Amino acid sequence: MIDLQTDKTGFADALLRWHETHARDLPWRGEADPYRIWLSEIMLQQTRTETVKRYYETFLRAFPTVFDLANAEPENVLKLWEGMGYYSRARNLHAAATLVAREMNGEFPKTAETLRALPGVGAYAAGAIASIAYGERVPALDGNQARVLARVFNVTSEIRTPQALHEQAMLLMPHERTGEYNQAMMGLGALVCTPNPTCDDCPVRAFCDAYAFVDPRTLPVKPEKKARAIENRAVALVLHDGRVFVRRRPAKGLLAGLWEFPGFPDARTPEDVRACLNELGVSARFVKTLPRATHVFSHLEWHMTGFLFEADAPADGFVSAEALAALPMPTALAAYRREAEALLRGFPETADT
């Protein structure tokens with residue numbers, strides 16, 4: 001049972017009035033096309049809004065309709081996604097577009113429940129798309145909205161997922177302008193009701209139990225984060241005649257389907273790396289050690305040491321600088337990609353076969 005310590009009547013009206021003058025200027029704001037709404041919402045998961053702006057407009061230039069995205073090569077989709085992380089979103093984006101284009105005649109499902117049948121569309125995205133595109137009265141519960149709700153209702157229990165606040169969300173949600181309301185809640189969480197909130201600027205502080213009775217900064221209560229695992233990796237840059245050796249990562253798992261310079265967990269010395277390369281069919285001579293680099297994933301840290309090798313003979317998997325630039329590669333290897341590009345500039349360009 002929810003304990004309403006302050007009267008919530010008028011919450012939605014006050015929030016929507018604030019939103020009318022404080023809504024962020026975003027490329028997808030006011031959009032009615034379900035394809036564009038879906039695209040923006042998938043991109044906004046785990047990525048900062050300012051970053052998404054640039055990628056969103058680039059994607060729309062490349063794939064203006066769901067049919068264009070469905071017909072694209074998966075590798076081209078991954079390349080455009082490069083640098084935004086959480087690459088499973090890009091793979092699911094292409095898979096969902098293919099499903100909508102080929103089995104639904106380009107028409108997106110019209111309810112949150114049916115939208116969840118699309119690859120990569122979870123409860124948050126389904127609620128956002130259904131409310132914004134179709135006016136369904138359903139919340140879009142992300143971290144921002146969950147933070148607002150936890151404070152408005154003074155929820156002192158541990159919140160493991162935003163969906164745990166569905167009941168509270170429905171108590172506040174209006175029956176009209178649901179898409180605008182969800183966007184207003186997101187905007188409030190992003191601009192005012194932040195982890196360190198500016199309560200004096202909040203348009204709904206009169207309805208907020210945390211503001212009235214406790215310190216809002218203490219909410220929401222989140223489970224303790226697990227320590228990230230650390231993986232030491234050797235990264236091999238293997239050159240031969242103006243080309244560098246790359247391989248594609250497995251189709252499933254971390255960074256699935258992206259290209260990489262071979263990485264070997266727990267390899268420590270040039271001899272370790274050379275033995276690993278031999279197992280890949282590449283015979284190479286060690287040249288020098290390259291600088292170290294670190295990349296932090298949500299659950300894992302890669303602590304990498306680079307090793308430069310010169311291959312004894314050409315082999316499959318060696319690409320030119322031009323071909324390297326076209327391959328989708330993880331941001332985790334950005335330092336070694338720059339190193340490879342710099343090294344390859346000293347060689348005359350050769351055609352890839």
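**Reading a predicted model, feature by feature**

Me: Let me start with one residue. At 47% relative accessibility, how does Lys110 count: buried, partly exposed or exposed?

Reply: Lys110 counts as partly exposed, because its 47% falls between the cut-offs of 20% and 50%. Please keep in mind that this is a predicted model.

Me: Which residue meets the side chain of Lys110 in a salt bridge?

Reply: The general idea comes first. Side chains of opposite charge can pair when their charged atoms come close. In this case the partner is Glu107, with 3.6 Å from N to O. That pair qualifies because the cut-off is 4 Å. Glu107 is partly exposed too, at a relative accessible area of 48%.

Me: How many salt bridges does a search of the whole structure find?

Reply: The search finds 17. One of them joins Lys8 to Asp209, whose closest N and O atoms are 3.0 Å apart. This pair links distant parts of the chain: Lys8 sits in the segment before helix 1 (11-22), Asp209 belongs to helix 12 (residues 209-213), and 201 residues separate the two.

Me: Are Lys8 and Asp209 buried or exposed?

Reply: Lys8 is buried, and Asp209 is buried as well. For a pair with mixed labels, look at Glu231 and Arg233, which form a salt bridge with their closest N and O atoms 2.7 Å apart. Glu231 counts as partly exposed at 24%, whereas Arg233 counts as buried at 8%. Salt bridges can also share partners, and in that way Lys79, Glu82, Arg337 and Glu341 are joined into one network.

Me: Now the backbone. Which residues have a positive phi although they are not glycines?

Reply: Here you read the phi angle together with the residue type and its place in the chain. Asn154 has a phi of about 50 degrees, and its place is the loop between helix 9 and helix 10 (166-172). Arg177 has a phi of about 55 degrees and lies in the loop between helix 10 and helix 11 (178-191). Asn154 is buried, with a relative accessible area of 16%, while Arg177 is partly exposed at 36%.

Me: And what is the peptide bond from Leu219 to Pro220, cis or trans?

Reply: For this feature you read omega. The bond from Leu219 to Pro220 is cis, as omega is near 0 degrees. Pro220 is placed in the loop between helix 12 and strand 1 (229-240).

Me: How do strand 6 and strand 7 run, parallel or antiparallel?

Reply: For strands, read the bridges and then the connection. Strand 6 (residues 284-296) and strand 7 (residues 300-311) run antiparallel and are joined by 11 bridges. For a register point, take Lys288, whose bridge partner in strand 7 is Leu308. The two strands form a hairpin, with three residues between them.

Me: Let us turn to empty space. How many cavities of 30 Å³ or more are there?

Reply: There are two. A cavity is read through its volume and its lining. The largest cavity holds about 100 Å³ of space, and 15 residues line it, with Arg151, Cys193, Cys199, Cys202 and Cys208 nearest its centre. Helix 9 (residues 143-152) provides the largest share of that lining, three residues. By class, the lining has 12 nonpolar, one polar and two charged residues.

Me: Which element gives the most to the lining of the second largest cavity?

Reply: That is helix 2 (residues 34-44), with three residues. The space there is about 50 Å³, and the lining residues include Trp28, Glu31, Ile132 and Gln183. The lining divides into three nonpolar, three polar and two charged residues.

Me: What about the pockets: how much space lies in the largest one?

Reply: About 1,700 Å³. Its lining has 45 residues, and Gln46, Asp142, Gly143, Asn144 and Arg147 lie nearest the centre. Helix 9 gives the most to this lining, with five residues. By class there are 16 nonpolar, 12 polar and 17 charged residues.

Me: And which residues are closest to the centre of the second largest pocket?

Reply: Gly85, Tyr86, Tyr87, Leu255 and Phe297, out of 21 lining residues. This pocket has about 410 Å³ of space. Helix 6 (88-103) and strand 6 each supply at least two lining residues. The classes here are nine nonpolar, 11 polar and one charged.

Note on methods:
Residues numbered from 1 in each chain as written. Predicted model: local features only at pLDDT ≥ 70, side-chain atom pairs only at ≥ 80, totals over all residues. Heavy atoms only, no water. Helix = DSSP H or I, 4+ residues; strand = E, 2+ residues; numbered from the N terminus. Buried < 20%, exposed > 50% of the residue type's maximum accessible area, 1.4 Å probe, protein only. 1 Å grid on protein atoms, 1.4 Å probe; cavity = no way out; pocket = protein on both sides within 12 Å on 5 of 7 lines; lining within 4 Å. Points joined across faces, edges and corners; volume = space filled by probe spheres on them. Nonpolar A, V, L, I, M, F, W, Y, C, P; charged D, E, K, R; others polar. Pairing = 2+ DSSP bridges.
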